[in-house]
Amino acid sequence: MAQDSFWAIIFFTVDNLMSNISLVPFNKIEKEILEYLKQNLSKIFDVEVDERPPIGIPKSYDKRRRQYLSWPFLEALSEIRLSSEYVLGITEVDLFVPQLNFIFGEAAPMLGIAVISLARLRPSFYGLKEDREILKQRALKEAVHELGHLLGLKHCPDPKCVMHFSNTLMDTDIKGYNFCPSCGRKIDIAKKGKFL
Ligand code: ZN
Ligand code: ZN
């Protein structure tokens, strides 16, 4: 298992000056979650966060796995991305990439796009009582993590840093949604448009 998959930044063609972040719901995402993400991402990255109209869920359902292949979600986002914005798609469906059991999210830094799935962030996925606060915090951590990848950050060894790689949801719950001092410095540099 692994938390996410992100592409090695070899051909970094997107100018990585973050002008704004656009949230794009796939079908319907609860307003409360979108608002929470908007407010907090805006504070954390100090940029404007917009919400785009919802787009349809790609037809990438795998009947055998009962999950959706992640790449078509990124492809759909790349079609609507405007130059220099960072696009974060949010979906309720469970995502996978062929080499992993599942992913919480995926980022394509060279395209300026990422997607997160709320499916496995919900306590109800594990037979537990739904908890809106926990869901919102987990979603924010996943969102900040993927946007960190878009700004060129790799995984961080500090278990409390949002860029720490999690094998399980427990790792996600242990870490915060902030960057450690080292990753924070890299974010500041990246936001000024310099390559990491
Ligand atoms: Zn990651
Ligand atoms: Zn860090």
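## Overall fold

Helices and strands are here DSSP runs, with at least four residues for a helix and at least two for a strand. In this predicted model, the protein chain has five helices and nine strands. Their order along the sequence is β-β-α-β-β-β-α-β-β-β-β-α-α-α.

The protein chain has 196 residues, and 37% of them count as buried. Contacts in the chain can also be sorted by separation in sequence. Taking those between residues at least 6 apart, 67% join residues at least 24 apart.

## The nonpolar core

The largest nonpolar core is made of 45 residues. Leu88, Ala114, Ala139, Ala143 and Leu147 have the most contacts inside this core. Helix α3, which covers residues 132-150, gives the most to the core, with six residues.

Ala143 is among the core residues with the most contacts. Leaving out residues up to four places away in sequence, Ala143 touches Leu37, Leu41, Leu88 and Ile116. One of these, Leu88, is also listed among the residues with the most contacts inside the core.

## Leu111 and its loop

Leu111 lies in the loop between strands β8 (105-108) and β9 (113-117). Leu111 counts as partly exposed because 17 other C-beta atoms lie within 10 Å. A buried residue would need 20 or more such atoms, and an exposed one would have 12 or fewer.

A distance can be given from this loop residue to another part of the chain. Leu111 and Glu85 are 26 residues apart along the chain, and their C-alpha atoms are separated by 10.0 Å.

Conventions
Residues are numbered from 1 along each chain as its sequence is written. Chains are lettered from A and ligands numbered from 1 in the order in which they are written. This is a predicted model: local features need pLDDT of at least 70, side-chain atom pairs count only at pLDDT 80 or more; totals for chains, interfaces and linings use all residues. Two residues are in contact if their C-beta atoms, placed from the backbone, lie within 7 Å. A nonpolar core is a set of buried Ala, Val, Leu, Ile, Met, Phe, Trp, Tyr and Cys residues joined through C-beta atoms within 7 Å.
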